[in-house]
Amino acid sequence: MTELPPPPDSDDDPDPRLRLRILFGDSAMLGPGKAELLDHIAETGSIAAAGRAMAMSYKRAWSLVEEMNRAFRAPLVERNRGGTRGGGARRTEPGARVLAHYRRVERAAAAAGAEDIAALKSLLSDMSHQK
């Protein structure tokens, strides 16, 4: 059996990340970007500010919100038109539930795959020269 090289120094290499995308047929999807957008909308009360926090245009952020709102039975984000306070947006209660379910699936997948992810990491070549 061939001897494997020692694993890369774990202090220098970031931990592997699992990025989960859930596909609902051919037309709907929920993944890390949309989940992060929902978080930022809840924090900022604004689709534009949420997009800026993610280095995303308002047009792209609004497009993702529209996709999510079409995909689910109830809107995940509600927009308030302008006015004296400038409008804004809020993540709805269904949006909070969808996000909570997605985060639980992420945690479950990470826990279930932790051993295999660690094994994959131990088989990586030294990538410090690629930085």
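These exercises, each with a worked solution, concern a predicted model of a protein chain.

## Exercise 1. The overall layout

Task: State how many helices and strands the protein chain has, and give the order of its elements.

Solution.
- Step 1. Count the elements. The chain holds four helices and four strands.
- Step 2. Read from the N terminus. The order is β-β-α-α-α-β-β-α.
- Step 3. Turn to burial. The chain has 131 residues, and 27% of them count as buried.
- Step 4. Look at the surface. About 9300 Å² is exposed, with 53% of that supplied by carbon and sulfur atoms.
- Step 5. Check the sequence range of the contacts. Take those between residues at least 6 apart in sequence; 49% of them join residues at least 24 apart.

## Exercise 2. H1 against H4

Task: Find the angle between H1 and H4, classify the pair, and list the residues that make the contact.

Solution.
- Step 1. Locate the helices. H1 covers 32–44, and H4 covers residues 93–122.
- Step 2. Take the geometry. The packing angle is about 135°, and the axes lie 10 Å apart.
- Step 3. Classify. Oblique covers angles that are neither under 35 degrees, nor over 145, nor from 65 to 115. H1 and H4 are therefore oblique to each other.
- Step 4. Assign the hand. H1 and H4 cross in a left-handed sense.
- Step 5. Name the partners. H1 contributes Pro 32, Ala 35, Glu 36, Leu 38 and Asp 39, while H4 contributes Gly 95, Leu 99, Tyr 102 and Arg 103.

## Exercise 3. H1 against H3

Task: Classify the packing of H1 and H3 from the angle between them.

Solution.
- Step 1. Locate H3. This helix spans 58–71.
- Step 2. Take the geometry. H1 and H3 pack at about 105°, and their axes are 11 Å apart.
- Step 3. Apply the cut-off. Angles of 65 to 115 degrees count as roughly perpendicular. H1 and H3 therefore fall in the roughly perpendicular class.
- Step 4. Name the partners. On H1 they are Lys 34, Leu 37, Leu 38 and Ile 41; on H3 they are Ala 61, Leu 64, Val 65, Glu 67 and Met 68.

## Exercise 4. Ser 46 in its loop

Task: Decide whether Ser 46 is buried or exposed, then describe its surroundings.

Solution.
- Step 1. Place the residue. Ser 46 sits in the loop between H1 and helix H2 (47–53).
- Step 2. Compare with the cut-off. Buried means under 20% relative accessible area. Ser 46 has 19%, so Ser 46 is buried.
- Step 3. Follow the side chain. The Ser 46 side chain reaches the backbone nitrogen of Ala 48 at 3.2 Å.
- Step 4. Set aside neighbours within four places in sequence. Ser 46 then contacts Ile 41 and Ala 89.
- Step 5. Move on to H2, where Ala 49 is placed. Ala 49 is buried too, because its relative accessibility is 18%.
- Step 6. Add a distance. Ala 49 and Gly 88 are 39 residues apart in sequence, yet their C-alpha atoms are 9.4 Å apart.

## Exercise 5. Arg 91 and Thr 92

Task: Describe Arg 91 and Thr 92 by location, accessibility and contacts.

Solution.
- Step 1. Place both. Arg 91 belongs to strand E4. Thr 92 lies in the loop between E4 (88–91) and H4.
- Step 2. Classify both. Arg 91 is partly exposed, because its relative accessibility is 25%. Thr 92 has 4%, so Thr 92 is buried.
- Step 3. List contacts beyond four places in sequence. Arg 91 contacts Leu 38, Asp 39, Ile 41, Ala 42, Leu 76, Val 77, Ala 96 and Leu 99. Thr 92 touches Pro 75, Leu 76, Val 77 and Glu 78.
- Step 4. Find the polar contact. A polar side-chain atom of Thr 92 lies 2.6 Å from the backbone oxygen of Pro 75.
- Step 5. Add C-alpha distances. Arg 91 and Ser 46 are 45 residues apart along the chain and 9.5 Å apart by C-alpha. For Thr 92 and Ala 74, the values are 18 residues and 8.8 Å.

## Exercise 6. The backbone at Ala 55

Task: Give the sign of phi at Ala 55 and set it against the general pattern.

Solution.
- Step 1. Place the residue. Ala 55 is in the loop between H2 and H3.
- Step 2. Read phi. The value is near 55°, so positive, in a residue other than glycine.
- Step 3. Recall the pattern. Most residues other than glycine have a negative phi.
- Step 4. Classify the accessibility. Ala 55 is exposed, because its relative accessibility is 77%.

Technical notes. Residues are numbered from 1 along each chain as its sequence is written. This is a predicted model: local features need pLDDT of at least 70, side-chain atom pairs count only at pLDDT 80 or more; totals for chains, interfaces and linings use all residues. Side-chain values use heavy atoms; hydrogens and water are left out. Helices (H or I, at least four residues) and strands (E, at least two) are DSSP runs, numbered from the N terminus. Buried means under 20% relative accessible area, exposed over 50%, partly exposed in between (1.4 Å probe, protein chains only). A polar contact is a pair of N or O atoms within 3.5 Å; within protein, one must be able to donate a hydrogen and the other to accept it, and residues adjacent in sequence count only if both atoms are side-chain atoms. Contact means heavy atoms within 4.5 Å. Accessible areas come from the Shrake-Rupley method with a 1.4 Å probe; for residues, only the protein chains shown count as cover. Axes are lines fitted to C-alpha atoms, for helices over the stretch in contact, and angles run from 0 to 180 degrees between N-to-C directions. A crossing is left-handed if the near helix is turned anticlockwise from the far one by less than a right angle, and right-handed if clockwise.
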